[in-house]
Amino acid sequence: MNASGDELAPDVRAILESARERPGGETRVSVDARSFPEAVAETEAAGRVPVIAEVKPTSPTTAGVREDDPVELAREMVAGGATALSVLTEPEHFGGSTESLQRIREAVDVPVLRKDFIMNEAQLDVVESDLVLLIARFVGEDLPDLVEAARDRGFQPLVEVHTREELTAALAAGADIVGINNRDLGRLEVDLGTFEELAPEAPEDVLLVAESGVKTVEDARRMREAGADALLVGTAIMDGDVRQNTETLTQ
Ligand SMILES: O=C(O)c1ccccc1NCC(=O)[C@H](O)[C@H](O)COP(=O)(O)O
């Protein structure tokens with residue numbers, strides 16, 4: 001059972017068990033973050049679709065592992081027009097690492113999101129990034145404190161939600177960048193209707209990111225019409241030529 005009392009998929013239970021065990025950093029980080037809202041506004045002004053392209057070597061719902069140098073993948077995504085990058089740092093189920101994130105952030109000049117399953121404040125201190133993911137469902141009542149702790153270190157927190165209740169909790173915690181995840185972490189099923197259902201409930205001044213399940217230009221258009229300020233895309237970009245895939249979705 002998780003904070004909301006619902007059953008989680010076995011893969012997600014395993015992800016959370018290892019996330020709880022992972023140590024925090026020894027020294028508090030202080031980040032001089034690249035602004036994500038400004039990057040989104042610049043992409044919009046250039047007439048392109050703001051996409052956060054995800055360096056996701058593998059996942060519980062993907063076959064195989066992409067072994068390419070993550071820095072090369074990241075450079076290709078930026079060359080393809082990515083507004084920002086998301087880098088998995090979860091090692092056991094996604095093939096990520098904090099070292100990859102560090103190298104990527106040094107190699108590119110766009111904002112970089114640390115994509116992980118952060119469970120406590122000390123885990124924020126493991127590595128610097130511009131944005132940090134906080135998943136409302138998993139951190140439960142610690143969300144307001146973690147949002148504050150992230151901002152105190154200079155991070156821009158991206159708070160991920162999947163239900164109306166989680167959206168309410170995210171807004172109450174002061175989140176101004178909210179990711180609506182189309183993937184239900186209970187069953188790992190994807191439904192783009194999730195974003196369409198929840199987006200109208202968010203205030204205008206909240207920057208909304210449509211996460212997961214965007215595969216085609218039609219999907220991207222659908223999410224933008226439903227109010228997405230940006231799209232977070234992993235699998236569809238990682239599958240094949242990442243530069244071409246990014247170019248296609250950012251047009
Ligand atoms: O992607 C998975 O298989 C997954 C499994 C269990 C927990 C989380 C998972 N994904 C995390 C994500 O949020 C996605 O990587 C991200 O939104 C991109 O999704 P997609 O474009 O569908 O790869």
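## Helices 2, 3 and 12 in a predicted model

In helix 2 (residues 36-45), the buried residues (under 20% relative accessible area, 1.4 Å probe, protein chains only) are Phe36, Ala39, Val40 and Thr43. Seen down the axis of helix 2, these residues fall within an arc of 100°, so they line one face of the helix. The face turned away from the buried side carries Glu38, Glu42 and Ala45, which are exposed (over 50%).

This is a predicted model, in which local features need pLDDT of at least 70 and side-chain atom pairs count only at pLDDT 80 or more, while totals for chains, interfaces and linings use all residues. Residues are numbered from 1 along each chain as its sequence is written, and side-chain values use heavy atoms, without hydrogens and water.

Helix 3 (residues 70-79) packs with helix 12 (residues 242-250) at an angle of about 30°, and their axes are 7 Å apart. That angle makes helix 3 roughly parallel (under 35 degrees) to helix 12. The crossing of the two helices is right-handed. The residues in contact (heavy atoms within 4.5 Å) are listed below.

| Helix | Residues in the contact |
|---|---|
| Helix 3 | Leu73, Glu76, Met77, Ala79 |
| Helix 12 | Val242, Arg243, Thr246, Glu247 |

By class, this contact has four nonpolar, one polar and three charged residues.

Helix 12 has the buried residues Val242, Asn245, Thr246, Leu249 and Thr250. They cover an arc of only 125° around the axis, which puts them on the same side of helix 12. The buried residues of helix 12 pack against helix 3, strand 1 (51-55), helix 10 (217-225), strand 10 (230-233) and helix 11 (235-238).

Methods: Axes fitted to C-alpha atoms, helices over the stretch in contact; angles between N-to-C directions. Helix = DSSP H or I, 4+ residues; strand = E, 2+ residues; numbered from the N terminus. Parallel < 35°, antiparallel > 145°, perpendicular 65-115°, else oblique. Left-handed = near helix turned anticlockwise from the far one by under 90°. Nonpolar A, V, L, I, M, F, W, Y, C, P; charged D, E, K, R; others polar. Arc of directions from axis to C-beta.
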